[in-house]
Amino acid sequence: MPRDRRTVRVVSSTAGSTNAFWTVDDVDIDQLRETLDATTRPEHYRNAVEANDAAVLYDLGDGAIDRTAMRSEIAHALGDGPGIVVMRGAVDAAVLGRATEAFEAIINAERRSERGAGDHFAAPGANDRVWNALEKLAVAEPGVFVEYYANEAVELAAMAWLGPGYQVTSQINVVSPGGAAQAPHRDYHLGFMSDDHASRFPAEAHRMSSGLTLQGAIAHCDMPIASGPTMFLPHSHKYPRGYLAWRRRDVMELFESRYQQLPLSAGDAVFFNPAVFHAAGSNHTSDVRRMANLLQISSPFGRAMEVVDRTRVVRAVVAELQRVAPRWSAAAVERVVAVTADGYPFPTNLDFDPPIAGSAPPSQADLVREAIVDQWPVEVLTEKLHAHARLRRSH
């Protein structure tokens with residue numbers, strides 16, 4: 001149950017500092033602890049059925065809710081509140097049942113194909129994960145897809161946090177009885193990077209990262225606490241250096257002592273700021289296959305203004321880069337690679353392009369770096385670039 005907490009002023013860990021780049025050593029566990037002591041104020045959420053230090057909860061079956069005001073409340077809850085919003089009854093039971101059947105059919109088909117996607121909890125075959133479930137559902141069952149995504153919960157949350165033009169992706173995750181818990185973490189973008197990689201981004205990028213995405217999940221079965229619904233550390237998204245904090249042992253211990261879990265009913269939806277420290281829980285039941293449709297909703301602003309054929313540019317200049325590399329500094333070569341190749345590994349098809357080390361697969365720029373060091377002929381690089389591009393097709 002949510003704990004009573006005193007109201008405190010949340011102290012910014014940037015106060016008095018002019019350092020634009022942070023490292024793991026800059027994490028202050030006491031400031032994080034003080035941040036967590038913030039209290040959720042119910043008067044900010046007049047349309048909610050409950051607002052506590054675990055989450056703000058709405059009942060979408062309540063016809064008296066002011067949807068316009070609710071969007072403002074959701075935005076406040078995700079940014080200045082606990083960071084977590086639950087919408088009861090987000091998807092109609094009959095529609096949810098048809099979608100569940102469709103997802104189960106996709107899971108069974110992928111099992112037969114021996115694709116063996118698995119998930120982050122166990123070896124392939126123990127649990128199930130369907131990557132790009134949004135596209136797969138649309139192709140397999142367009143009627144179900146249309147009914148399912150006509151729910152207003154996704155629109156309410158996405159418009160509140162990201163505004164119009166948002167893009168939705170989804171993955172089905174099924175955790176079988178006995179499935180183990182995740183380690184606490186933050187999510188995409190910076191949350192998918194190593195500490196060293198994340199520390200190369202300036203402090204301002206750390207502060208704004210969570211404004212580019214929204215995480216969500218639709219429960220496809222009843223999820224009592226014993227089944228392991230997501231463990232959240234409310235208010236943790238307000239700690240700016242959190243993307244460098246979550247792997248630390250003392251932070252993991254703090255998470256373990258203060259996390260909150262919310263039981264969900266089939267058809268409920270939960271949305272949360274991706275900077276909230278969270279982790280899927282252990283499934284201690286003997287009979288609940290915990291199925292959720294995990295939603296990642298992206299801002300339209302994370303896109304360039306012009307279309308550039310990066311493969312064409314790379315092929316045009318790689319021979320010149322190979323020629324000058326022995327004479328130039330590595331830093332000079334890297335500057336050219338940065339403006340030539342795509343240095344970000346996403347979006348990709350995680351069925352075919354899984355992470356090799358850490359949470360991200362190799363980028364196009366990684367291939368270009370190899371081509372320069374190993375002096376690949378342009379034909380070899382071209383073949384590898386085309387293979388790399390094929391891995392990123394959705395089917």
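I began with burial across the whole chain, and of the 395 residues of the protein, 48% count as buried. I keep in mind throughout that this is a predicted model. I then looked up the secondary structure, which comes to 13 helices and 11 strands. For the surface I noted about 18800 Å² exposed by the protein, with carbon and sulfur atoms supplying 53% of that area. On contacts, I counted pairs of residues at least 6 apart in sequence, and found that 81% of these contacts join residues at least 24 apart.

**Entry on strand 5 and the loop after it**

I went to Asn-173, which has its place in strand 5, residues 167-175. I asked myself whether Asn-173 is buried or exposed. Its relative accessibility is 6%, and because the cut-off for burial is under 20%, I entered Asn-173 as buried. I also looked for a partner of its side chain, and recorded a polar contact of 3.3 Å between the side chains of Asn-173 and Arg-129.

Further along I checked the backbone and found that the peptide bond from Tyr-188 to His-189 is cis, with omega near 15 degrees. His-189 belongs to the loop between strand 5 and helix 7, the latter spanning 195-198. Tyr-188 itself is buried, at a relative accessible area of 10%. I then turned to the ring of Tyr-188, which pairs with that of Phe-192: the centres are 5.5 Å apart and the planes stand at 80 degrees, so I listed the pair as edge-to-face. Phe-192, for its part, is partly exposed, with a relative accessible area of 28%.

**Entry on positive phi**

Which residues other than glycine have a positive phi? I noted His-235, where phi is near 75 degrees, and Gln-375, where phi is about 55 degrees. His-235 lies in the loop that runs between strand 7 (231-233) and helix 9 (249-258), and with a relative accessible area of 0% it is buried. Gln-375 is found in the loop between helix 12 (364-374) and helix 13 (378-391), and there the relative accessible area is 42%, which I recorded as partly exposed.

**Entry on aromatic rings**

How many aromatic pairs are there in the count? I arrived at 6 aromatic pairs. One that I followed up is Phe-103 with Tyr-148, whose ring centres are 6.1 Å apart and whose planes meet at 85 degrees, so that the pair is edge-to-face. I placed Phe-103 in helix 3 (residues 93-112) and Tyr-148 in helix 5 (residues 142-148), so this pair ties together parts that are 45 residues apart in sequence. Both Phe-103 and Tyr-148 are buried. Looking around them, I found that Phe-103, Phe-145, Tyr-148 and Tyr-149 form one aromatic cluster.

**Entry on charges over rings**

Finally I searched for charged side chains placed over aromatic rings. Arg-186 lies over the face of Tyr-243, at 4.6 Å from the ring centre. I also recorded Lys-384, whose charged end sits over the ring of Trp-376 at 5.1 Å from its centre.

Methods: Residues numbered from 1 in each chain as written. Predicted model: local features only at pLDDT ≥ 70, side-chain atom pairs only at ≥ 80, totals over all residues. Heavy atoms only, no water. Helix = DSSP H or I, 4+ residues; strand = E, 2+ residues; numbered from the N terminus. Buried < 20%, exposed > 50% of the residue type's maximum accessible area, 1.4 Å probe, protein only. Contact = heavy atoms within 4.5 Å. Areas by Shrake-Rupley, 256 points an atom, 1.4 Å probe, with all protein chains shown as cover. Polar contact = N/O pair within 3.5 Å; in protein donor to acceptor, adjacent residues only side chain to side chain. Phe/Tyr/Trp six-rings, centres within 6.5 Å; stacked < 30°, edge-to-face > 60°. Lys NZ or Arg CZ within 6 Å of the ring centre and 35° of its normal.
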